[in-house]
Amino acid sequence: MLQRKSLPLYLVAALLFGVKTYFVYRFIFDLSIENFLQEIILAINPFATAVLFFTFVVLLKPVRQIKYTKHLSLVMTLILYFNVIYYRSFTDFLTIPVLFQTNNVGDLGSSILGLIYVTDLLLFVDVAIVYYLSKRVAVNAQPQFKGMKFRAAGIAIALVMANFVLAEIERPMLFQRTFDREYLVKNIGVFNYHIYDVALHSKTKAQRVLADGSEMSDIREYVSEEVKSNQESDLEGIAEGKNVIYISAESLQSFVINKKINGKEITPFLNDLIDDSYYFENFYHQTEQGKTSDSEFVVENSLYPLGRGAVFFTHSQNEYNAVPEIIGENGYSSAVFHANNKSFWNRDVMYDSLGYDQFFGEQSYNQTPENTIGWGLNDKAFFDQSVDMLKDLEEPYYAKFITLTNHFPFELPEEDQHIDKYDSSSKTLNQYFTTVRYMDESIEQFFQKLKDEGEYEDSIIVIYGDHYGISEYHNNAMAQFLGKEITPYEHTQLQRVPFFIHIPGHEGNKVISKPSGQMDVKPTILSMLGIDSGGDIEFGTDLFTDDVDPFVVLRDGSFISEDYLYANGHCYDRESGEKLEGDQCQPLQKKAQQELDYSDQIVYGDLFRFYDFQNGTVAD
């Protein structure tokens with residue numbers, strides 16, 4: 001048995017856990033190190049946190065200390081591992097709101113299995129060691145003197161305080177950078193970040209209670225002066241009375257457009273569609289942890305998604321002024337088609353808040369083993385069956401189709417693969433191109449079906465990528481495909497997704513290069529329908545006007561303007577990608593943060609309940 005002079009079990013557990021956590025930070029999360037101080041902080045914070053948490057053992061009687069130590073070792077390892085799984089998929093860290101999305105887990109299936117590696121067992125080796133030692137350690141070898149409690153607690157607190165002081169020196173006002181979770185984890189550690197996240201969650205919950213509507217005056221003034229266009233669009237009213245069909249293209253990024261694998265086009269139909277549409281080649285997704293649901297929220301409301309969790313879950317009962325509700329007041333019927341569980345992303349609740357008339361979920365489709373791929377009904381069968389239901393909608397209609405097949409882990413039967421897999425170190429990227437090609441074929445067949453059924457000529461068709469498909473976790477493989485290093489500038493450019501506005505029979509289609517984003521879809525489409533949204537509060541701009549400077553803000557605080565791209569604390573020339581010295585980006589950086597803050601105030605405070613959209617005033 002371990003004797004009195006041996007290290008106490010809690011200290012052994014803390015040291016082992018600190019080593020493991022540092023390993024995860026450096027080699028799994030692959031946190032970037034920009035200077036020597038960051039290296040010191042990253043080396044300190046795993047041990048500071050581990051010693052703090054395990055030191056609570058000294059407050060217990062010796063006989064309970066061993067039990068507490070081994071159980072804590074397992075619980076903290078599971079928390080760390082859940083972050084590893086989440087990071088592999090989203091290059092992000094868990095938040096409290098994300099944990100409330102548990103009803104999504106049952107539908108994830110192979111997506112989660114694809115994120116679990118056999119080598120992950122190594123992350124539990126220290127737990128096994130602690131459990132083994134717990135059977136052999138002598139109870140009287142544990143700390144039991146009053147002085148030990150104070151010394152242990154003092155050392156633990158001193159380590160954590162040193163960590164926080166160094167972090168604040170390295171990045172002043174660190175705790176106001178809530179949008180940059182990687183920076184928080186890098187400086188204070190994943191566990192202290194989770195504690196901070198709990199505090200943030202409590203604070204945001206209180207915002208609705210304390211809101212009184214007075215906040216809307218400043219927001220309305222900002223939107224009127226900085227965002228809204230006063231210029232009439234050349235395409236204003238061009239689609240008045242026409243049906244509107246949205247295709248939310250799952251995980252489709254712009255880097256596949258006009259590219260080939262072994263001589264074959266990845267997206268031949270979409271490539272050809274560019275010549276017959278308005279195509280925005282610098283269009284960015286603006287989603288965060290809510291992914292597809294975030295893209296729906298942004299496109300329908302022209303508000304930013306939350307930095308933590310998904311609005312569809314956390315604020316589904318809020319008052320909104322979404323496109324389905326607005327066009328419903330102008331004689332349109334509305335529907336969503338998505339062959340997935342109605343409760344996934346809480347859609348069955350949120351769609352009511354957005355004003356949709358109907359939601360055709362998985363129960364509306366005939367799914368068989370032959371027409372099911374990955375997450376559910378394959379895209380070809382989905383579009384084919386959907387058109388039959390689309391024909392029954394009252395015209396004019398506003399219909400959104402959300403695809404499924406091009407979803408991580410991008411699995412596709414060999415007989416449906418009409419393009420070669422890519423050859424890189426990333427299985428995810430290799431398979432991605434085959435499912436993208438399948439989706440392209442599905443959209444082509446959908447267009448033909450619309451023509452055959454007489455639903456094409458009197459409609460406009462909008463296609464947009466909902467969010468990225470390939471995360472930073474696969475940067476090495478992406479660098480191989482693109483033939484260049486993935487810098488913060490290139491990473492931001494990879495957030496571009498295709499955006500098409502196709503108007504059958506319309507001439508004058510062209511490629512538009514100005515920066516734009518999902519925030520701009522709502523005002524652009526409403527303008528084309530001839531619907532006045534003058535009293536609305538939205539952070540996007542009609543893309544067919546030129547009197548407002550292009551400005552696209554991403555949820556992490558990055559932004560893209562006409563001249564600059566700001567990412568990861570660096571300012572770049574937008575066209576060349578050259579890193580700029582000086583403070584050229586600083587004014588726009590403040591503006592970007594202001595927009596995010598205003599949008600958050602609206603959502604967290606449910607401020608639209610105080611606003612009269614018809615008159616553009618704060619309601620009495």
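**Figure 1. Threonine 434, a buried residue at 1% relative accessibility.** This close-up comes from a predicted model, and it opens on a residue that counts as buried because its relative accessibility is 1%, where the cut-off for buried is under 20%. Threonine 434 belongs to helix 17, which covers residues 427-452. Leaving aside residues up to four places away in sequence, threonine 434 is in contact with Leu412, Gln417, Ile419, Asp420 and Lys421.

**Figure 2. Confidence along the chain, with a look at residues 1-5.** Before going further, here is how the predictor rates its own work. Mean pLDDT for the protein chain comes to 88, with 91% of the residues at 70 or more. Residues 1-5 are a stretch to read with that score in mind, as pLDDT stays under 50 there. For these residues the model has 13 contacts beyond four places in sequence.

**Figure 3. Two cis peptide bonds, each leading into a proline.** Most peptide bonds are trans, and this view shows two that are cis. One links glutamate 395 to proline 396, with omega at about -5 degrees. Proline 396 sits in the loop that runs between helix 16 (379-390) and strand 10 (397-402). The other cis bond links phenylalanine 408 to proline 409, and here omega is about 10 degrees. Look for proline 409 in the loop between strand 10 and helix 17, the helix that also holds threonine 434.

**Figure 4. Asparagine 568 and aspartate 606, two residues with positive phi.** A negative phi is what most residues other than glycine have. Asparagine 568 has a phi near 55 degrees, and its place is the loop between strand 17 (564-567) and strand 18 (570-573). Aspartate 606 has a phi of about 50 degrees and lies in the loop joining helix 21 (586-605) to strand 20 (611-612). Are these residues buried or exposed, or partly exposed? Asparagine 568 is partly exposed, since its relative accessible area is 39% and that class lies between 20% and 50%. Aspartate 606, at 2% relative accessibility, counts as buried.

**Figure 5. Helix 20, enclosed by the rest of the structure.** Helix 20 takes in residues 521-528. How many of its 8 residues are buried? The count is 8 of 8, so the helix is largely enclosed by the rest of the structure. The buried residues are Val521, Lys522, Pro523, Thr524, Ile525, Leu526, Ser527 and Met528. After helix 20 comes glycine 530, with a positive phi near 75 degrees.

**Figure 6. The largest cavity, about 200 Å³ in volume.** The structure has 3 cavities of 30 Å³ or more, and this view is centred on the largest, with a volume of about 200 Å³. Its lining is made of 22 residues, and those closest to the centre are Asp520, Thr541, Asp549, Pro550 and Phe551. Which elements give two or more residues to this lining? They are helix 10 (216-227), strand 15 (551-553) and helix 21. Strand 15 contributes the most, with 3 residues. By chemical class, the lining of the largest cavity has 11 nonpolar, 4 polar and 7 charged residues. Helix 21 may look familiar from Figure 4, as aspartate 606 lies in the loop between this helix and strand 20.

Conventions:
Residues numbered from 1 in each chain as written. Predicted model: local features only at pLDDT ≥ 70, side-chain atom pairs only at ≥ 80, totals over all residues. Heavy atoms only, no water. Buried < 20%, exposed > 50% of the residue type's maximum accessible area, 1.4 Å probe, protein only. Contact = heavy atoms within 4.5 Å. pLDDT = per-residue confidence, 0-100. 1 Å grid on protein atoms, 1.4 Å probe; cavity = no way out; pocket = protein on both sides within 12 Å on 5 of 7 lines; lining within 4 Å. Points joined across faces, edges and corners; volume = space filled by probe spheres on them. Nonpolar A, V, L, I, M, F, W, Y, C, P; charged D, E, K, R; others polar.
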